[in-house]
Amino acid sequence: MTDKWKRIVWLVVEAMLFVFVLVAVCGILLLWAGVFSTMLGIDTNDKDMNSSFAMLSEGGMAIGCVLGLWVVDYVHRHVFPQAGSNIGFALKGGHAGQLLAGIGVAGGLYAAGFLVVWLLGGIGITDVGVHPGALVRTWVFFLLVAVFEEGMCRGFLLGRMMDAGINKFAALVLSSAVFSCLHLANPGFALLPFINLLLAGVLLGSAYIYTRNLWFAIGLHWFWNWLQGPILGFEVSGNVLEGNLLTLEAPAEAVLLNGGAFGFEGSLVCTVLMVAGIGLIIRHYEKKRALAVND
């Protein structure tokens, strides 16, 4: 068996191992979360993202994902001794700043997107209310979401496809398609949200294919969701939140501007911003790589 085929076969084995660890750890932690919630009288049927049980559930998935990445990385280095450790959470070598860069990109995209939609009449602000408890809980919740989804879709799926010798851009698109399909059951999901979430996956992974580090994607994903819903008042991938800073009115006739029931991620404005963001990030890293080669 050639080395390339060995890596592809091993990718399938690693996928099975990752899913096994993720499901096992999540199952155990969610079981304990259910017991803990029952003891404290927490409603386990409350699906709101502000709920304590939602926080415990997402925490279990994030922990399971990180442990799955660690186990797969450990086994991979024994099958391919020449491969170094590459989980994607390293902070050394300037990667700590990637978290802030991701947060900055999320803030910049939403500043532009919200302003454009508002100026074009796609939304109106009907109320402003400060709910500190809800803002803090969703801030933590969306951090856990970012760690789980980025660890799974970028850290594992995208990273392992690249390790298997798949072209980085092909792997980026394939992993982004999987990321988009994870939202198929979300309220209001349709063709444009599918395209935008696929583009969002490409945006989130665009730095990873050059750095093999997750902090940029985590920062971007974390604040993209938090700014989108709890701060600006949009639905988050079709999910409605309570206790947002802004309460919005979104005219039905402006659905291509405001995204309708799916939120901003269902709008054409989001599509344009995603494409622009992808182009800028890839251009930045390609230029940086070219300079390094010339030096």
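**Close-up 1. Arg154 over the ring of Phe179.** In this predicted model, Arg154 holds its charged end over the Phe179 ring. From there to the ring centre it's 4.6 Å.

**Close-up 2. Tyr210 and Tyr285, a stacked pair.** Here's one of the 15 aromatic pairs counted in the model. The ring centres of Tyr210 and Tyr285 lie 5.3 Å apart with the planes at 10°, and since stacking calls for planes under 30 degrees apart, the pair is stacked. Tyr210 belongs to helix H7 (residues 208-211) and Tyr285 to helix H10 (residues 268-294), so the two rings tie together parts of the chain 75 residues apart in sequence. Both tyrosines are buried.

**Close-up 3. Trp224 and Phe264, a tilted pair.** This time the rings sit 6.1 Å centre to centre, with 55° between the planes, and the pair is tilted. Trp224 comes from helix H8 (residues 215-231), while Phe264 comes from the loop between helix H9 (255-258) and H10. That's another link between distant parts of the chain, 40 residues apart. Trp224 and Phe264 are both buried. Zoom out a bit and they turn up in one aromatic cluster together with Tyr110, Phe114 and Phe234.

**Close-up 4. A nonpolar patch on the surface.** Ile28, Leu31, Trp32, Val35 and Met39 make up this patch, which covers about 590 Å². Take Val35: its place is in helix H1 (residues 3-40). With a relative accessible area of 37%, Val35 is partly exposed, and that puts Val35 over the 30% needed to count towards a patch.

Definitions and conventions
Residues numbered from 1 in each chain as written. Predicted model: local features only at pLDDT ≥ 70, side-chain atom pairs only at ≥ 80, totals over all residues. Heavy atoms only, no water. Patch = residues over 30% accessible without salt bridge, like charges linked within 9 Å, V, L, I, M, F, W, Y side chains within 5 Å. Areas by Shrake-Rupley, 256 points an atom, 1.4 Å probe, with all protein chains shown as cover. Salt bridge = Lys/Arg side-chain N within 4 Å of Asp/Glu carboxyl O. Helix = DSSP H or I, 4+ residues; strand = E, 2+ residues; numbered from the N terminus. Buried < 20%, exposed > 50% of the residue type's maximum accessible area, 1.4 Å probe, protein only. Phe/Tyr/Trp six-rings, centres within 6.5 Å; stacked < 30°, edge-to-face > 60°. Lys NZ or Arg CZ within 6 Å of the ring centre and 35° of its normal.
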